[in-house]
Structure formats: structure tokens, C-alpha cells
Amino acid sequence: MGDDGLHKAPWMRDTFKDMSEDLAEAEAEGKRLMVLVEQRGCLYCKKMHEDVFSQDEIARMLSEDFFVVQVNMFGDVDVTDFDGTTLPEKDMVRKWGLLFTPTILFFPIDVDEGVSAAAAAVASMPGAFSKSTTLDLLNWILAEGYSGEETFQKYHARMIGERSK
């Protein structure tokens, strides 16, 4: 736990929370930008950290393939959106229209100038999900499945079927 009451993991990045800078740094490292919105005392955040993110395969992917920036749903640290707007975390989360924690936003490799993170996100995961759902979503994002014909739900169902063989 950090001083802010949020869970901390070695794969999280301590940045200035400038989405454009974070995206550029993620791209320079060959990683995908992922924003993890959480709040103090969130039971579902705790579940994700203890039961899902701690799984070896998922922790490895988060460390090796994703550039993870944590945002506090009720925090006061300034966040600069892709569109140039700078607001405290709590106001930025409201601007993005996020209501639940945890919520994970995933971004494409390139984001058009002037676009808000809410519009730029290629996928979001609101709430706590199982290891298999989370793992499938991470893999679908890395494979840029959002650009193809197979929706995440169909991809996930196909992966469940393949694992059951």
C-alpha cells in the first residue's frame, strides 16, 4: 500500500501523468499504455491485486508488455489528457466518465492529437474480472484484436474453448 492508500506493484510507473508523454515512453519501450484507475478502500481493486495481477503470467505481461500508470479516482495529482487538458485526478476521472474502480483503459500505439483519453481508449475493463478474462484481454490488446473482426467476447469464448480441450 502506498501513502495514498492505493495498492502498489513493481510494474506500475511513477510518471507526471501526462498521457502524451506516457504514450511516447511506452512506445519507445515497445509497450502498450494502460491506465489503471483505483480508489482507497476498493475491495475489487484489492481482489485484482491479490488474486489476478499477482498471477505469474499476468504480472510478467504487465511488467514486460505494458506501461501501467495508476490514477487515483479521488486524487489531487494533476493529469494531462491527450487533448491538452490538465486537471486533478478526481476531475479527470469525471471528465473521462469513469464510475467504477478498478477501471483499466487501454490505448492504441498512436493517439490523434486533440483527442481525450476517453475517446482514444481502444478498450476498457470496468471492475474486477477473473484471471482468464484478464489474461485474454491483455493478449487481445497486444494482438490489436480491437482492430480486427473478432470482438473481445468472441475471442474470449474461443480462448475458453481452446483451454478446455
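The following numbered points comment on a predicted model, taking the sheet, the helices and one exposed residue in turn.

1. Sheet order. The model contains an open sheet of 5 strands, arranged in the order β1-β3-β2-β6-β7, and the pairing within this sheet is mixed. Its edge strands are β1 (12-13) and β7, each of which pairs on one side only. Strands of a sheet pair through backbone hydrogen bonds, in either a parallel or an antiparallel arrangement. Both edges are described below.

2. The edge at β1. Strand β1 pairs with strand β3 (residues 66-72) in the parallel sense, and 2 bridges connect them. Within this pairing, Met12 has Val68 in β3 as its bridge partner.

3. The edge at β7. Strand β6 (residues 103-106) and β7 run antiparallel and are joined by 4 bridges. Here Leu105 is found opposite Ser124 in β7.

4. The two faces of β7. In a regular strand, side chains alternate between the two faces of the sheet. For strand β7 (residues 123-126), the covered face carries Ala123 and Met125, while Ser124 and Pro126 belong to the uncovered face. Ser124, the residue that stands opposite Leu105, is thus placed on the uncovered face of β7.

5. Helix over the sheet. Helix α1 (residues 19-28) lies across three strands, namely β1, β2 (32-38) and β3. The direction of α1 is at about 135° to that of β2.

6. Packing of α3 and α6. Two packed helices are described by the angle between their axes and by the distance between those axes. Helix α3 (residues 56-64) packs against helix α6 (residues 131-142) at an angle of about 30°, and their axes are 10 Å apart. Because angles under 35 degrees count as roughly parallel, α3 and α6 are roughly parallel to each other. Their crossing is left-handed.

7. Composition of that contact. On the α3 side, the residues are Glu57, Ile58, Met61 and Leu62; these meet Lys131, Thr134, Leu135, Leu138, Asn139 and Leu142 in α6. By class, the contact comprises 6 nonpolar, 2 polar and 2 charged residues.

8. Ala119. Is Ala119 buried or exposed? This residue lies in helix α5 (residues 117-120). Its relative accessible area is 58%; since the term exposed applies over 50%, Ala119 is classed as exposed. Ala119 and Phe107 are separated by 12 residues in sequence, and their C-alpha atoms lie 9.7 Å apart in space.

Note on methods. Residues are numbered from 1 along each chain as its sequence is written. This is a predicted model: local features need pLDDT of at least 70, side-chain atom pairs count only at pLDDT 80 or more; totals for chains, interfaces and linings use all residues. Side-chain values use heavy atoms; hydrogens and water are left out. Axes are lines fitted to C-alpha atoms, for helices over the stretch in contact, and angles run from 0 to 180 degrees between N-to-C directions. Angles under 35 degrees count as roughly parallel, over 145 as roughly antiparallel, 65 to 115 as roughly perpendicular and the rest as oblique. A crossing is left-handed if the near helix is turned anticlockwise from the far one by less than a right angle, and right-handed if clockwise. Contact means heavy atoms within 4.5 Å. Ala, Val, Leu, Ile, Met, Phe, Trp, Tyr, Cys and Pro count as nonpolar, Asp, Glu, Lys and Arg as charged, and the others, Gly among them, as polar. Buried means under 20% relative accessible area, exposed over 50%, partly exposed in between (1.4 Å probe, protein chains only). Two strands pair if DSSP finds at least two bridges between them.
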